[in-house]
Amino acid sequence: MRKGRFSRAVGIFIALTASGAAALLWFAVAAGGPALSESPAQGFFFGFWSILYNTDAPAPRITLAAIAMALLLAAGVAAVDRRIANRSRRSLDPLTGPLAPRVVMSATRGVYAGPVKVTVLIPAHNEEISLPLTIASLLEQSRRPDRVIVVADNCSDSTVFLAREAGVEVIESVNNTQKKAGALNQVLQELLPELGDNDVVMVMDADTRLDDGFLAAAVDRFAHDRALMAVGGLFYGEEGHGLIGQFQRNEYLRYSREIRRRRGRVFVLTGTASMFRARALRTVAASRGSSIPGTPGLVYDTAALTEDNELTIALKSLGGLMISPEQCTVVTELMPSWRTLWAQRLRWQRGALENIGAYGITPPTLRYWAQQLGIGYGVIALGSYLLLIFLMVVSLDTWIWFPFWLGLGALFMVERVATVWKGGWRARLLAVTLFPELFFDMFLNVVYLKGVADISLGRTASWKHVAPVRVPETTGAERR
Amino acid sequence: MTITAAVPAGLLFPESLLHSQWFAVLATFVAINTVMYAALALAKILPKLHPSDWIRTRNERSETRSIHPDANN
């Protein structure tokens, strides 16, 4: 139906808007006739240490304008995001917001549908290495799940055997060609009609382990608020994998910190571990093909590369309330090599673009459009920054200190370290060196550009499954 | 600088590149962007403000949202 309303245009739209903003700034600067660089001055430290320094810096009014601009943009996006969330929260219209709190409350008022029961679905495609730990982390929860079902999808290893041995149920997908989303759809079609209004379904990856307290905290939330439609996990990276592992751990630490600072307001209900009220999933399935994209009757849109991101947007579009509580944390697998990381991130990036393209520019997707534009502008900003540094280094024959740039560098250093402080000394050490993380960001930026280019040129995307390797702590299945 | 060359030369490009008009535009463009990102970085270090907390409202729920219809809050 509405699928493809943006499709290929989404990449072109974002590329043009981000570079348009950069071009505007460039021409504004050029029109203003910037001051030419002055020759460095010589100074002495401790009376004998001679240094060259250059006090070049933009005029104070330009600096102030830039600060104001940045803060206004950030506050503007946050305010719009908040306003849209509040408006959908207060919706009374069961047609446009069938999952809006007031609509749900009036439908369930005065009825007790029994205690909250938790059914966990673990989609697994050849996950014999990580699955036993995943199941153990569930069964050791202080509040145990009521049912655990491993959804075995085209497994050729001992996944099914190991799941049965661990004492959980196994359902094998039948003639499924649509990966994880297809397998989950098959099981959910059977499962959802049996579930009551207070029952929740948890979908978690087979390479993820829950921290204790996750289920207790989530069930408590669901019991206290019958309008709450979903609880998402906060993920952090497993140990190991050396430098590339630390890059990803730092990235996840910052993401979790950001969500906590937002008081749990969700960006993505992560596929690593998220819980949904049965009503939410039933309503999504019923709304597909009419108010949201997808096949009528199916919970997951099998055309989406990032089915968790798609489901989040679907629930938000229907007005559903969701949260990522601080106590709901999970440990997830990291990509062990640059090649697997490239494949994973390209899929996420491509998926994110396709998802917003499929929904178009709507109030619930505005935040996601802004995020894509933000990354797009960041690509240009970081690229031009590195170009400037490069040109300076190769055009000067003596080392010159620039107090302005050093000051900014120090500020960034503090920010990088403070945002990963919880990750311990290794996380802080990597952050304080600044440049390695800049290059990691550049790597992600190249993936972003590739994603935008691929979707604009209409290249087909694939959901590459990286086969787990039989080495301790290196399993490479893709996730999220 | 004890090198005797008449024109200051960098590793790859002449130093005069740094005094050209377009380089000045690039430097200012980068400076503005960097200041913008630095402002955002500073905002990320400082504790986040939630202005809605400052306003006292009667934010009590008019009815229970619990799954138990007879719960108190």
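Two strands are taken to pair if DSSP finds at least two bridges between them, and helices (H or I, at least four residues) and strands (E, at least two) are DSSP runs, numbered from the N terminus. The model is predicted, so to speak of local features takes a pLDDT of at least 70, side-chain atom pairs count only at pLDDT 80 or more, and totals for chains, interfaces and linings use all residues. Residues are numbered from 1 along each chain as its sequence is written, chains are lettered from A and ligands numbered from 1 in the order in which they are written, and side-chain values use heavy atoms, with hydrogens and water left out.

On that footing, chain A has an open sheet of 7 strands, with mixed pairing and the order β5-β4-β3-β6-β10-β8-β11. At its edges are β5 and β11 (321–323) of chain A; each has a single partner strand, so one side of each has no neighbour in the sheet. Ignoring direction, neighbouring strands here are turned by 20° against each other on average; for such angles, axes are lines fitted to C-alpha atoms (for helices, over the stretch in contact), and values run from 0 to 180 degrees between N-to-C directions.

Moving in from the β5 edge, β4 (residues 147–152) and β5 (residues 169–172) of chain A run parallel and are joined by 4 bridges. Within this pair, Ala152(A) sits opposite Glu172(A) in β5(A). To get from β4(A) to β5(A), the chain goes through helix α5 (residues 159–165) of chain A, making a right-handed β-α-β crossover (with the strands pointing away from the viewer, the path from the first strand over the helix to the second runs clockwise). On to the next pair: β3 (residues 118–124) of chain A runs parallel to β4(A), with 6 bridges between them, and Leu121(A) faces Ile149(A) in β4(A).

Chain A also has an open sheet of 3 strands, again with mixed pairing, in the order β7-β12-β9. Here β7 (208–210) and β9 (234–237) of chain A take the edges, each with a single partner strand, so one side of each lacks a neighbour in the sheet. From one strand to the next, the twist averages 30°. The pairing of β7(A) with β12 (residues 329–332) of chain A is antiparallel and covers 3 bridges, with Thr332(A) in β12(A) as the bridge partner of Thr208(A).

Helix α8 (residues 242–261) of chain A lies across β9 and β12 of chain A, at about 160° to β9(A). The axes of α8(A) and α13 (residues 403–419) of chain A come within 9 Å and cross at roughly 80°. The two helices are therefore roughly perpendicular to each other (angles under 35 degrees count as roughly parallel, over 145 as roughly antiparallel, 65 to 115 as roughly perpendicular and the rest as oblique). In contact terms (heavy atoms within 4.5 Å), Leu253(A), Arg254(A) and Arg257(A) of α8(A) meet Arg416(A), Ala418(A) and Thr419(A) of α13(A). That contact has 2 nonpolar, 1 polar and 3 charged residues, where Ala, Val, Leu, Ile, Met, Phe, Trp, Tyr, Cys and Pro count as nonpolar, Asp, Glu, Lys and Arg as charged, and the others, Gly among them, as polar.

Elsewhere in chain A, the axes of α11 (residues 338–359) and α15 (residues 435–456) come within 9 Å and cross at roughly 50°, which makes α11(A) oblique to α15(A). The crossing is right-handed (the near helix is turned clockwise from the far one by less than a right angle; anticlockwise would be left-handed). The contact residues of α11(A) with α15(A) split into 13 nonpolar, 2 polar and 5 charged.

Between chains, α12 (residues 366–395) of chain A and α1 (residues 21–45) of chain B have axes that come within 9 Å and cross at roughly 130°. These helices are therefore oblique to each other, and α12(A) passes α1(B) in a left-handed crossing. By class, their contact has 16 nonpolar, 5 polar and no charged residues.
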